[in-house]
Amino acid sequence: MKLDRRKFLNTLLGVGGIGGILAVFYPIISFLIPPKSAEPKVNSVKAGISAEFPTNSYKIIKFGRKPVILIKTEDNQYKALSASCTHLDCIVQYKSDTKQIWCACHNGIYDLNGRNVSGPPPRPLEEYDVKVIKEEIVITKMG
Amino acid sequence: MIGNIGNKIISWIDERYDLSPLNNMLKHKKVPVHKHSMWYYMGGVTLFLFLVQLLTGILLLLYYRPGEDNAYESVRFIVTEVRFGWLIRNVHSWSANLLVLFAFIHMFSVFFSKAYEKPRELTWITGFIILVFTLAFGFSGYLLPWNELAFFATKVGTDIVGVVPVIGEPLKIFLRGGEEVTGATLSRFFGIHVAILPAIFTVFLTLHLLFIQRQGMHEPEHFKNLPEEKKKYIPFFPDFALKDLLLWVIVFNILIFLALYFPWELGNKADAFAAAPAGIKPEWYFMFMFQSLKLLPAHILFIEGELLGVLFFGVAGFVWMLIPYIKVKRKPNWKIQPLTLIGIIIVAFIVIMTVIGYLV
Amino acid sequence: MRTRFFYLSIYFITISSLLGVVISGQKENKTIQSSKEDHCYSCHKEIDNLPKDFSENDIHRHANISCSSCHGGDPTSDDQEVAMSPSKGFVGAPKHKDIPKFCGKCHSNINIMRVFQPRIATDQVEQYYTSMHGKKLLTGDENVAECASCHSAHAIFPAKDPRSTVYALNVPGTCNKCHGNSELMKKYNLPSNQLEEYSKSVHGVALLKMKDLGAPACNDCHGNHGAMPPGITSISHVCGTCHVSNMEYFSSTRMAKAFQEQDFHGCEQCHGNHTVLKPTDEMIGVGKDSKCVDCHSSGDEGYTVAKKIYSLLTNLKNQFSLADAKYLEVKKKGMNDIEIGFLLQDAKQALIQSRTLIHTFDSTKVGAKTKDGIEISNKASLLAQKEIDEYYTRRNGFAVATLVFLLVVIALYFKIKDKKKKTEK
């Protein structure tokens, strides 16, 4: 009887110990596996290769929690502005024919410097810095 | 079966390296049993928490990036994107706080049981140094997430260093890596936190543990005065070790409970130009010093109050470290011995100042 | 003797040039007398007799234009008899009905005005006489507003200056000085609660409460110098200057035509005028707040379409708020919410666009947009649910781990007890 109790306790300890070790190592191993997006979002965002970005077009870049509109103008200049319309937060787009930034929700129009030109937007769009570093477009926060 | 394999491995090693000294030590090491035995476990818990810090710290290092533009984002990334990142980070933060708490408890238990007395002077001194480095760990680690609260707490903390005469200002600039708390401070604190402190810490911790193993557990006076046959001991291995392990498992479980249910907020990213948010507080273990400095009048006899306070804490800390060499006459008719009384006053002061700090 | 001659010659030159300007408008800025050695100001200040609304920072005073430039007289003389003698061209305070012409002396003359501001308009007086105010003034009405009623007489600031009575934020109050006077307005059969109504409207709240200068004040719809209520046909255009899409959609529908035939007031018909409130989805459909049922009744085509559009909108709105609630939960739980946030922004955009598309009164167009929105909302919901599930999995994981640790603790406890027994033996 006494022996059985000891054996039982040892088995319990063994099973519990292995379980405990698993409970510790499972999170650790999971932690070591690289996550989906391999890098944290930072103050600057890479927006692709300059040569692959067609002239007179735009794309929306996710800058942390904020959408940013990146425009390559006709003379191959880059412009990056907050893409949230200052009227009701819709995402703006670039009109390649009028060379203006346009919000589809209420027809708000901004110029390429983000100034609200017409329609309901009450304020200009916030500007971001764009640099091309070794062919790669990099958007950074101003200031 | 597992036991058999274990025995085989041990005998294999024993054959080559002769484990008998270690064996002897384990066999002969014993722990006294008396009404204050529970305090023997505090050091062990502190050690365990340090090991947790070591492990989680190394894990965090895989994803953490120092630097003004990266630090906050990388911690955010760890917490939200990396699997179990939230757990590792929160365990690291919680364990840090518990570590300081248990280190303090351990220290005061040693103080009140007079375990620092001859021949254990060096154990006390190394222990005190370890505590100072633990606080330095806490202070440097606090800034690493680069959030608002940490930023301003560091600003205030390093400012306090600056009031010390002569060496204060250069020391402040040395700590900050410049005139102000900037990205340079962050890089510096990172280096201190992950390389310099661990290196020094390990040396003193090893010494501390070696001293303890060499001298065995301290026996308090009332136990020493017992007749030999009434002295009760339990063997360190396996009895005491098992109890230690039991406690560690419980502490570990509490740790992950805290990490899950009371996660540490990341807050807002530090902005050097933003106004300091209301309620800037240092970590709780610095609160009593912070609060007493705040309560001091601006000038005490032509000397700046704050300076006097900082000097006082410096001297007090130094005296505290040298306690084993300070002889205080026993007062046979005193109910509480003078040193114990001083200890009680110190504990009461720390507790009261901390409470005031959080209430006011 | 010589100085008197000197002074006289200056008077002569100034007066003749003043006359010259009034007649021909040719010799511009010599009429504007410098106020440097201005006895009008110094005397009036000394005897504390400056105009009641006088401001040291008045735009005219700032531009060194002396009192005498408007009121005539001789500012160089410190003798009241001389300085304010009609022979020196002194006109005193102009009569109410003469004020537009009085100001227009300079303000209608581009040759004078361009010196101060190259692209300034000079048609204010002309416009003014087309306004109701101007027309009434010509009939001899003493109550109507003239230039000084809005701009003040001696504390005039440019419209962009926050101190100005015609600064966007101050315009509603300025108009209300007269238009809020119910006794006065009764004479003209006009209501006097416009400001009260306006303050409740989206525009009023944006301008007066949120100090958003982008929001329209009275003059943005009614015009300023040519103030008139917008005509029925022009209402859509007035609103459409800002709400472009809504106007475009609306004016190309059959409804627009029907409105015209029925003499309905365009946008105002549903949205009201001064009290334009934030529109609700209940304005469409067939419920009790519906505007559609004012004309349409059960059975006709409009009624069915209204009902359809309403159900499309509420459907999207419900899906969106469902996703939004989950998003907040994810945020609160400290889980990863960035991607969900982006999706929700897109969904919200679809909702806004669907609401704008109501003005096409075409349920298929609205339906296409709401379908987009619902898809995105559902995607966001799904993602949020995943995060929430993950959160609870954590707790389950913790429970399992705790169970395992408990097992170890119990085993250890008994083991220690056994050992203790052994040692005691």
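# A tour of two interfaces and one helix

Across the interface of chain A and chain C, where this tour begins, the rule finds three salt bridges. The model is a predicted one, and every value given along the way is computed from it.

To see one of these salt bridges, select Arg123(A) together with Asp212(C), whose closest N and O atoms lie 3.7 Å apart. Polar contacts can be looked for in the same region, since across the interface of chain A and chain C the rule finds nine residue pairs in polar contact, both residues of each pair being at pLDDT 80 or more.

Next, colour the secondary structure of chain A, and look at α1 (2–32), β2 (57–63) and β3 (66–72), which are the elements that give two or more residues to the side of chain A that touches chain C. Of that side, the largest share, 13 residues, comes from α1(A). If you then colour the side of chain A that touches chain C by residue class, you will find 15 nonpolar, 10 polar and seven charged residues.

Now show the whole interface, in which 32 residues of chain A are in contact with 31 residues of chain C. The area buried between chain A and chain C is about 2,700 Å², and carbon and sulfur atoms give 59% of it. Select Leu9(A), Leu13(A) and Arg65(A) here, for these supply 20% of the area that chain A buries against chain C, more than any other three residues.

From there, turn to the other side of the tour, where 19 residues of chain C are in contact with 20 residues of chain B. Between chain C and chain B about 1,800 Å² is buried, with carbon and sulfur atoms giving 73% of that area. Across this interface of chain C and chain B the rule finds zero salt bridges, and it finds one residue pair in polar contact, both residues being at pLDDT 80 or more. Select helix α22 (residues 363–424) of chain C, from which comes the largest share, 15 residues, of the side of chain C that touches chain B. By class, that side of chain C has 10 nonpolar, three polar and six charged residues.

For the last stop, stay with chain B and select helix α5 (residues 85–112), whose 28 residues should span 40 Å at 1.5 Å a residue, and whose end C-alpha atoms are indeed 40 Å apart, which agrees. The helix α5(B) is mostly covered, with 23 of its 28 residues buried. Finally, select Lys114(B), which follows α5(B) and has a positive phi, near 60°.

Terms used:
Residues numbered from 1 in each chain as written. Chains lettered and ligands numbered in written order. Predicted model: local features only at pLDDT ≥ 70, side-chain atom pairs only at ≥ 80, totals over all residues. Heavy atoms only, no water. Contact = heavy atoms within 4.5 Å. Buried area = accessible area lost by both parts, 1.4 Å probe. Salt bridge = Lys/Arg side-chain N within 4 Å of Asp/Glu carboxyl O. Polar contact = N/O pair within 3.5 Å; in protein donor to acceptor, adjacent residues only side chain to side chain. Helix = DSSP H or I, 4+ residues; strand = E, 2+ residues; numbered from the N terminus. Nonpolar A, V, L, I, M, F, W, Y, C, P; charged D, E, K, R; others polar. Expected span 1.5 Å × (residues − 1). Buried < 20%, exposed > 50% of the residue type's maximum accessible area, 1.4 Å probe, protein only.
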